[in-house]
Amino acid sequence: MKIAVAGTGYVGLVTGVCLAENGHSVTCVDVDASKIEMMRRGISPIYEQGLSELMRKNKEKLTFTLDFKEAYADADVIFIGVGTPEKRDGSANLAYVYGVADQIAEVVTKECVVVVKSTVPIGTNDKIEQYFADRLQNRVKIHVASNPEFLAQGTAVRDTLHASRIVIGVEDAYAEKMLREVYRGFDAPLLVTNRRSAEMIKYASNDFLALKISYINEIANLCEIIGADIEDVTKGMSYDTRIGSKFLNAGIGYGGSCFPKDTKALSWLASYNDNEIKTIKAAIEVNESQKLKPVKKASKYYKDFRGLNVAVLGLTFKPGTDDLREAPSLVTVPILVDDGANIKAWDPVGCDNFKKHVPEGITYCETIEETLKDADICFIFTEWPEVKVLNPSVFVEKMRHPIVIDGRNCFSVKDIKGVPMVYESIGRAVIDNR
Ligand code: UGA
């Protein structure tokens, strides 16, 4: 079976590499020549654990090319894994998806299955099928199938090789047969539905997780007011297997390339159809205000940040990735810069990307200790393991005023006991041991 993958971002590249790991020959296409060059040398252009190793291991089965004709013309299955970024109105921008569809329509010479892996609004697969019918250069049959992706950044390889489920949305037996063949080596439950249900499963899953996070963040905010402890509350909730313990970590809100975009896209789709998803609208609203919590908390200690030494630990939207899309740090740090703070920041992999977003006003440090030196306040925005293993006494030793605003609850209240510092986290009591 000859497989082609359009797009070498998180979805496309990880899919291509994991399919090669399962024995298929895969040709990955991208428009970026420098990325293609890197990948040919066995280097992943994205920071993702285990990906480069797997690329090198399967190099005989992987081809990287700029030439879409070479990849698509005689492929049996073509995956579309390009981005569907948010448009100004919150809807999904499908320009890249249709761009690939144009190329496929131009060059395919034999019957094939086009599999849409990109997250697309419900009904898009039907439209793509019609799009092909209107444009095909050669009289061949193209089957369109939806196969949403459920990988998370940072654990993308593991999530793909050991998927929670494989969802296949098809309208005909040929597409189902071919996709069953593609995923033959994968050990995961396989669900076959129609295309619209498959498209909906993706949005409904992501938006439910986003909702769970916003829900627990609201409960955390209330815990702070009434004197309960969110860590104990979530622990108590999680014994109920109907609730579970996952995605109940309170913090400064969800970021990344998926939840913010997919919540807005579903909300947009509902209103476009004269409908309203009130819960998702609320999740979006809660998330936006949650990002501002650290600055609000800090304002109890300082009227403004002018001339203050501010330490920032963690910039990325979550650990294990260098991705900054919709990261809460991108909301908070510019506020501090505008206020005239002297900012020192540390992140193991996110600094270069952050410089592109916020080009001035920040000193980037190699170590956490250097970042904390003489700081008047410290913000923790990402729960990197390097932060979680710190002995809290380092804040007292290094900082001028040991005030820590922890947006990711990296330390337990017990850890801080007896340490002469101020420690504010999310959904827990303020600790002031000064
Ligand atoms: C998310 C989903 O988890 C994947 O299943 C999905 O395939 C992917 O989107 C996608 O659509 O491509 P991802 O955005 O990589 O994956 O990251 P998550 O681990 O889900 O985290 C998203 C955000 O939620 C992060 O900012 C994280 O800090 C936050 N979060 C997560 C919390 O605030 N609390 C939690 O308990 C969990």
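Here a biologist and a modeller talk through a few helices, a sheet and one exposed residue of a predicted model.

Modeller: Quick housekeeping: this is a predicted model, where local features need pLDDT of at least 70, side-chain atom pairs count only at pLDDT 80 or more, and totals for chains, interfaces and linings use all residues. Residues are numbered from 1 along each chain as its sequence is written, and side-chain values use heavy atoms, with hydrogens and water left out.

Biologist: Why is α9 called oblique to α12?

Modeller: Helix α9 (residues 195-226) and α12 pack at an angle of about 55 degrees, with their axes 9 Å apart. Under 35 degrees counts as roughly parallel, over 145 as roughly antiparallel, 65 to 115 as roughly perpendicular, and the rest as oblique. So α9 is oblique to α12.

Biologist: What makes the contact of α9 with α12, and which classes does it have?

Modeller: Contact means heavy atoms within 4.5 Å. Residues making it include Asp 207, Ala 210 and Leu 211 of α9 and Thr 279, Ile 280 and Ala 283 of α12. By class there are five nonpolar, six polar and two charged residues. Ala, Val, Leu, Ile, Met, Phe, Trp, Tyr, Cys and Pro count as nonpolar, Asp, Glu, Lys and Arg as charged, and the others, Gly among them, as polar.

Biologist: And how does α11 pack with α12?

Modeller: Helix α11 (residues 259-272) and helix α12 (residues 278-290) pack at about 140 degrees, their axes 9 Å apart. Thr 263, Lys 264 and Ser 267 of α11 meet Ile 280, Lys 281 and Ile 284 of α12. That contact has two nonpolar, two polar and two charged residues.

Biologist: On to the sheet. What makes β11 and β15 edge strands?

Modeller: The open sheet has seven strands, in the order β11-β10-β9-β12-β13-β14-β15, with mixed pairing. Strands β11 (362-364) and β15 (431-432) each pair on one side only.

Biologist: How do you know that β14 pairs with β15?

Modeller: Two strands pair if DSSP finds at least two bridges between them. Two bridges join β14 (residues 422-424) to β15, and these strands run antiparallel. The bridge partner of Tyr 423 in β15 is Ile 431.

Biologist: Last one: why is Ala 133 called exposed?

Modeller: Ala 133 lies in helix α6 (residues 124-135). Buried means under 20% relative accessible area, exposed over 50%, and partly exposed in between (1.4 Å probe, protein chains only). Ala 133 has 56%, so it is exposed.

Key. Axes fitted to C-alpha atoms, helices over the stretch in contact; angles between N-to-C directions. Helix = DSSP H or I, 4+ residues; strand = E, 2+ residues; numbered from the N terminus.
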